[in-house]
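Student: Got a minute to walk me through this one? I'd like to go over the fold, the surface and the salt bridges.

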Amino acid sequence: ATEPIPEDREAEVGWHFLRGGDRDRGAELLERASRRLFAAQAMRDALAPLEAVIEHYKTRGVKSYAYLELLYMIVMAGAISEREVALRYMDETLKAYQREAGITLAIRLGKVFGRHVSLFLAVTTSVIRWFFTPRKSRGISPLYTLSRYLMMAAHASYIHYATNDIEGIRKSLLWIAPMNAFKGRAPHGAY
């Protein structure tokens, strides 16, 4: 039987396992450590373990809701403490959240139904799909995913603006274009 690893040593032991060949055990410990660091708002300290876990999951083909949360965490931590890291994961993360929140569908439907109806249909479809998914497989609610998506899109805009990246700013506007349906209301503020 293995002894439990103290929380304050999980990152250290996780790195040892990851580099020593027991990559799954190392990733498990590093994930717990990175979640704890992120919750404590130790953003810079959370980046390296988050990135190691995400890259490990990529090599294993893991695309779960836990993975989605890790992507959110690395983008937000990177936006606050190391822009290059945020930019490295920004597109993958926004695409994944866009899909889960129904924004991808809204963009496709917008060509036929217009922005208001398409956004309503897409988000409603996502909520219904989520509601009828078994609880253990459900993951994050589409409405919560939408709020995270908008927050990350706003951070993406800020990062591109702060680095004077005109092409990135244009790309950021495309990420939040569906929010233009709320002209004159609070969600339009993202646009």
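Tutor: Sure, here is a quick tour of the chain, which is a predicted model.

Student: What's the secondary structure, in short?

Tutor: The chain has ten helices and zero strands. Going along the sequence, the pattern reads α-α-α-α-α-α-α-α-α-α.

Student: And what does the C-alpha trace span along its principal axes?

Tutor: About 60 × 45 × 25 Å. Of the 191 residues in the chain, 41% are buried.

Student: OK, pockets. What volume does the largest pocket have?

Tutor: About 170 Å³.

Student: Which helices supply at least two residues each of its lining?

Tutor: Helix 4 (65–81) and helix 5 (83–101). Helix 5 has the largest share of that lining, with five residues. Among the lining residues are Tyr-65, Tyr-67, Leu-68 and Leu-71, along with Glu-92, Lys-95, Ala-96, Arg-99 and Glu-100.

Student: How does the lining split by class?

Tutor: Five nonpolar, one polar and five charged residues. Lys-63 and Ser-64 are also on the lining list.

Student: You mentioned Glu-92. How far is its C-alpha from that of Asp-8?

Tutor: The two C-alpha atoms are 31 Å apart, and the residues are 84 positions apart along the chain. Asp-8 sits in the segment before helix 1 (10–20).

Student: Is Asp-8 buried or exposed?

Tutor: Exposed, with a relative accessible area of 70%.

Student: Switching to the surface. Which residues form the nonpolar patch?

Tutor: Val-112, Phe-113, Val-117, Phe-120 and Leu-121, with about 490 Å² of accessible area together. Helix 6 (103–113) and helix 7 (115–131) each supply at least two of the patch residues.

Student: Which helix gives the most?

Tutor: Helix 7, with three residues. Val-117 is found in that helix.

Student: Why does Val-117 count as partly exposed?

Tutor: Because its relative accessible area is 40%, and the partly exposed class runs between 20% and 50%.

Student: Now salt bridges. How many are there?

Tutor: The count comes to 14 salt bridges. One of them joins Glu-31 and Arg-35, with the closest N and O atoms 3.1 Å apart.

Student: Where do those two sit relative to each other?

Tutor: They are four residues apart in helix 2, so about one helical turn separates them. Glu-31 is buried, at 13% relative accessible area, whereas Arg-35 is partly exposed, at 26%.

Student: Got one that links two helices?

Tutor: Yes, Glu-51 forms a salt bridge with Arg-88, and the closest N and O atoms are 3.0 Å apart. Glu-51 is in helix 3 and Arg-88 is in helix 5, so the pair ties together parts that are 37 residues apart in sequence.

Student: And what about Lys-58 and Glu-55?

Tutor: Their side chains meet in a salt bridge, at 3.5 Å from N to O. These two are three residues apart in helix 3, so about one helical turn lies between them. Lys-58 is partly exposed, with a relative accessible area of 32%, and Glu-55 is partly exposed too, at 34%.

Student: Which residues are linked in a network of salt bridges?

Tutor: Glu-10, Arg-25, Glu-28, Arg-32 and Arg-36.

Student: Last topic, backbone angles. What's the phi of Gln-41?

Tutor: Positive, at about 65 degrees, although Gln-41 is not a glycine. Gln-41 is in the loop between helix 2 (23–39) and helix 3 (43–60). The residue is exposed, with a relative accessible area of 64%.

Student: And what's the phi of Asn-164?

Tutor: That one is positive as well, at about 55 degrees, and Asn-164 is not a glycine either.

Student: Where does Asn-164 lie?

Tutor: In the loop between helix 9 (142–162) and helix 10 (166–176).

Student: Why is Asn-164 classed as exposed?

Tutor: Because its relative accessibility is 61%, and exposed means over 50%.

Notes:
Residues are numbered from 1 along each chain as its sequence is written. This is a predicted model: local features need pLDDT of at least 70, side-chain atom pairs count only at pLDDT 80 or more; totals for chains, interfaces and linings use all residues. Side-chain values use heavy atoms; hydrogens and water are left out. Patches are made of residues with over 30% relative accessible area and no salt bridge: like charges are joined within 9 Å, nonpolar side chains (Val, Leu, Ile, Met, Phe, Trp, Tyr) within 5 Å. Accessible areas come from the Shrake-Rupley method with a 1.4 Å probe; for residues, only the protein chains shown count as cover. A salt bridge is a side-chain nitrogen of Lys or Arg within 4 Å of a carboxyl oxygen of Asp or Glu. Buried means under 20% relative accessible area, exposed over 50%, partly exposed in between (1.4 Å probe, protein chains only). On a 1 Å grid over the protein atoms alone, a cavity is a set of points where a 1.4 Å probe fits but cannot get out, and a pocket is an open set with protein on both sides within 12 Å along at least five of seven lines; lining residues have an atom within 4 Å of a point. Grid points are joined across faces, edges and corners, and a volume is the space filled by probe spheres set on the points. Ala, Val, Leu, Ile, Met, Phe, Trp, Tyr, Cys and Pro count as nonpolar, Asp, Glu, Lys and Arg as charged, and the others, Gly among them, as polar.
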